[in-house]
Amino acid sequence: VESKLGIKVISMNLLTPVEDQPVIWRGPVITGVLNQMYTDTEWGDLDYLLIDMPPGTGDIALTVMQSFPLKELIIVSTPQDMVSMIVKKVVIMAQKMGISIRGVVENMSYINCDSCDHKIKIFSKKSAEEHAEYLGLPLLAELPINLDLTEALENGTAEEYVKEDPLYTSAFQGLY
């Protein structure tokens with residue numbers, strides 16, 4: 001599937017006949033399908049290939065890190081100690097496999113108060129910099145919980161929203 005702005009997407013959800021039904025497969029089957037999706041998809045010329053993976057160091061992460069020609073990873077985390085501990089394992093796994101990590105994006109870092117424009121930390125009092133320091137990575141971006149973006153996602157207009165919102169264009173300016 002190609003989005004309105006030309007982003008090519010493949011997902012297991014696009015390949016299943018009923019979107020709300022789970023795919024109940026064990027590791028070896030998932031690994032085979034993941035490799036097939038990567039190798040059999042006609043991607044054309046790409047500037048980037050983004051792979052959204054479940055958290056942790058399970059079969060999917062291991063397959064991607066072992067089998068795909070990765071240039072580097074960008075780690076996405078949320079500001080919670082338990083999440084940071086799991087993400088730290090992914091960081092160490094990637095380092096042991098010789099995979100470069102560009103840095104970390106902290107998602108759901110805060111929510112902006114509509115009345116006073118104050119950043120309200122919901123998950124942790126620690127700063128995004130503290131979480132990045134724990135991971136041993138540079139902080140690339142600190143993104144808020146954003147109900148307008150959520151609405152745009154639900155309406156199918158997220159690309160346009162992100163393209164026009166200065167927070168997102170400035171947060172990712174150095175990545176491309």
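## Exercises on accessibility, contacts and spaces

Isoleucine 10 counts as partly exposed, at 31% relative accessibility. The cut-offs are these: buried is under 20% relative accessible area, exposed is over 50%, and partly exposed lies in between (1.4 Å probe, protein chains only).

This is a predicted model, in which local features need pLDDT of at least 70, side-chain atom pairs count only at pLDDT 80 or more, and totals for chains, interfaces and linings use all residues. Residues are numbered from 1 along each chain as its sequence is written, and side-chain values use heavy atoms, with hydrogens and water left out.

**Exercise 1.** Place isoleucine 10 in the chain and find the nonpolar surface patch that contains Ile10.

Step 1. Isoleucine 10 sits in the segment before α1 (12-15). Helices (H or I, at least four residues) and strands (E, at least two) are DSSP runs, numbered from the N terminus.

Step 2. Ile10 joins Val1, Ile7, Val9, Leu14 and Leu15 in a nonpolar patch of about 540 Å². Patch residues have over 30% relative accessible area and no salt bridge; like charges are joined within 9 Å, and nonpolar side chains (Val, Leu, Ile, Met, Phe, Trp, Tyr) within 5 Å. Areas come from the Shrake-Rupley method with a 1.4 Å probe; for residues, only the protein chains shown count as cover.

**Exercise 2.** Say how many salt bridges the structure holds, then work through the pairs of lysine 4 and glutamate 72.

Step 1. The count is four. A salt bridge is a side-chain nitrogen of Lys or Arg within 4 Å of a carboxyl oxygen of Asp or Glu.

Step 2. Lysine 4 pairs with glutamate 160 at 3.9 Å, N to O. Lysine 4 lies in the segment before α1 and glutamate 160 in helix α7 (residues 158-164), so the bridge ties together parts 156 residues apart in sequence. Lysine 4 is exposed at 63%, whereas glutamate 160 is partly exposed at 27%.

Step 3. Glutamate 72 bridges to arginine 102, with the closest N and O atoms 2.6 Å apart. Glutamate 72 is in the loop between α3 and β1 (73-77) and arginine 102 in strand β2, so parts 30 residues apart in sequence are tied together. Glutamate 72 is partly exposed at 28%, and arginine 102 is partly exposed at 27%.

**Exercise 3.** Describe the largest cavity: its volume, lining and residue classes.

Step 1. The volume is about 30 Å³. On a 1 Å grid over the protein atoms alone, a cavity is a set of points where a 1.4 Å probe fits but cannot get out; a pocket is an open set with protein on both sides within 12 Å along at least five of seven lines; lining residues have an atom within 4 Å of a point. Grid points are joined across faces, edges and corners, and a volume is the space filled by probe spheres set on the points.

Step 2. The lining includes Ser77, Glu106 and His131. Helix α5 gives the largest share, four residues.

Step 3. The lining has five nonpolar, three polar and one charged residues. Ala, Val, Leu, Ile, Met, Phe, Trp, Tyr, Cys and Pro count as nonpolar, Asp, Glu, Lys and Arg as charged, and the others, Gly among them, as polar.

**Exercise 4.** Describe the second largest pocket in the same way.

Step 1. This pocket holds about 250 Å³. Among its lining residues are Ile111, Asp114, Asn146 and Tyr161.

Step 2. The lining divides into six nonpolar, two polar and three charged residues.
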